[in-house]
Amino acid sequence: MTYMVTVLCFGGLAALSPEGQPLQLALNLPATAAQVKAAIAQACGLAADSALAQLLQNSAIGSETQIYLDTDPIPASLSQLALLPPVSGG
């Protein structure tokens, strides 16, 4: 089933947000985190070999209470997700 989901983009991924506003996406949920990232890339028209697409692929999808691995299903009950850039260092 298709749901409207708000995606908050952080760090370098904020470049995906039009004028700093959260992305509003129609997503077929439940879907895996990898499928959600692919839908974001498609909605933003990212070329697969672009630096921003690579950043997106290495990012994490999260909710208020959980970070989802690429194979984890995103529940249909969520209306807001966060797109978090990868973190390096310690």
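A residue counts as partly exposed when its relative accessible area falls between the 20% that bounds buried and the 50% above which it is exposed. Asp70, at 34% relative accessibility, is therefore partly exposed. The model described here is predicted. In this model, an open sheet of five strands carries helix 1 on it, and the structure holds one salt bridge and zero disulfides.

**Sheet**

- The strand order in the open sheet is 2-1-7-4-5, and the pairing is mixed.
- Strand 2 and strand 5 are the edge strands, each paired on one side only.
- Helix 1 packs on this sheet and touches strand 1, strand 2, strand 4, strand 5 and strand 7.
- The direction of helix 1 makes about 130 degrees with that of strand 2.
- In general, strands of a sheet pair through backbone hydrogen bonds, in either the parallel or the antiparallel sense.
- Strand 1 pairs with strand 7 (residues 80-84) in the parallel sense, over four bridges.
- Strand 4 (residues 60-62) pairs with strand 7 in the antiparallel sense, over three bridges.
- Ala82 in strand 7 has Leu8 opposite it, and Gly62 also stands opposite Ala82.
- Leu83 in strand 7 is the bridge partner of Ile61.

**Thr6 in strand 1**

- Thr6 is located in strand 1.
- Its relative accessibility is 17%, so Thr6 counts as buried.
- Beyond its neighbours within four places in sequence, Thr6 is in contact with Pro22, Leu23 and Gln24, and with Ser79, Gln80 and Leu81.

**Loop between strand 1 and strand 2**

- Leu16 sits in the loop between strand 1 and strand 2, and Ser17 is found in that loop as well.
- Leu16 is buried because its relative accessibility is 6%.
- Ser17, at 11% relative accessibility, also counts as buried.
- With neighbours within four places in sequence left aside, the contacts of Leu16 are Cys9, Leu23, Ile40, Cys44, Leu46, Leu52, Leu56 and Leu83.
- On the same basis, Ser17 is in contact with Cys9 and Leu23.
- From C-alpha to C-alpha, Leu16 and Val87 are 18 Å apart in space, with their positions 71 residues apart in sequence.

**Nonpolar core**

- In soluble globular proteins, nonpolar side chains tend to be buried together.
- The largest nonpolar core of this model has 20 residues.
- The residues with the most contacts inside this core are Val7, Leu16, Val36, Ile40, Ile61, Ile74 and Leu83.
- Strand 1, strand 2, helix 1 and strand 7 are the elements that give two or more residues to the core.
- Helix 1 provides the largest share, four residues.
- Not counting residues up to four places away in sequence, Ile74 touches Leu29, Pro30, Ala31, Thr32, Ala33, Val36, Ile61, Tyr68 and Leu81.

**Salt bridge**

- The search of the whole structure finds one salt bridge, in which the side chains of Asp70 and Lys37 meet at 2.7 Å, N to O.
- Asp70 lies in the loop between strand 5 (67-68) and strand 6 (73-74) and Lys37 in helix 1 (residues 33-43), so the pair ties together parts that are 33 residues apart in sequence.
- The two partners fall into separate accessibility classes: Asp70 is partly exposed at 34%, whereas Lys37 is buried, with a relative accessible area of 2%.

**Cysteines**

- What keeps Cys9 and Cys44 from forming a bond? The sulfur of Cys9 lies 7.0 Å from that of Cys44, its closest cysteine sulfur, and this is too far for a bond.
- A disulfide would require the two sulfur atoms to be within 2.5 Å.
- Cys44 is in no disulfide, and its nearest cysteine sulfur is that of Cys9.
- The search of the whole structure accordingly lists zero disulfides.
- Cys9 is buried, at 13% relative accessibility, while Cys44 is partly exposed, with a relative accessible area of 26%.

Methods. Residues are numbered from 1 along each chain as its sequence is written. This is a predicted model: local features need pLDDT of at least 70, side-chain atom pairs count only at pLDDT 80 or more; totals for chains, interfaces and linings use all residues. Side-chain values use heavy atoms; hydrogens and water are left out. Buried means under 20% relative accessible area, exposed over 50%, partly exposed in between (1.4 Å probe, protein chains only). Contact means heavy atoms within 4.5 Å. Two strands pair if DSSP finds at least two bridges between them. A salt bridge is a side-chain nitrogen of Lys or Arg within 4 Å of a carboxyl oxygen of Asp or Glu. Axes are lines fitted to C-alpha atoms, for helices over the stretch in contact, and angles run from 0 to 180 degrees between N-to-C directions. A nonpolar core is a set of buried Ala, Val, Leu, Ile, Met, Phe, Trp, Tyr and Cys residues joined through side-chain atoms within 4.5 Å.
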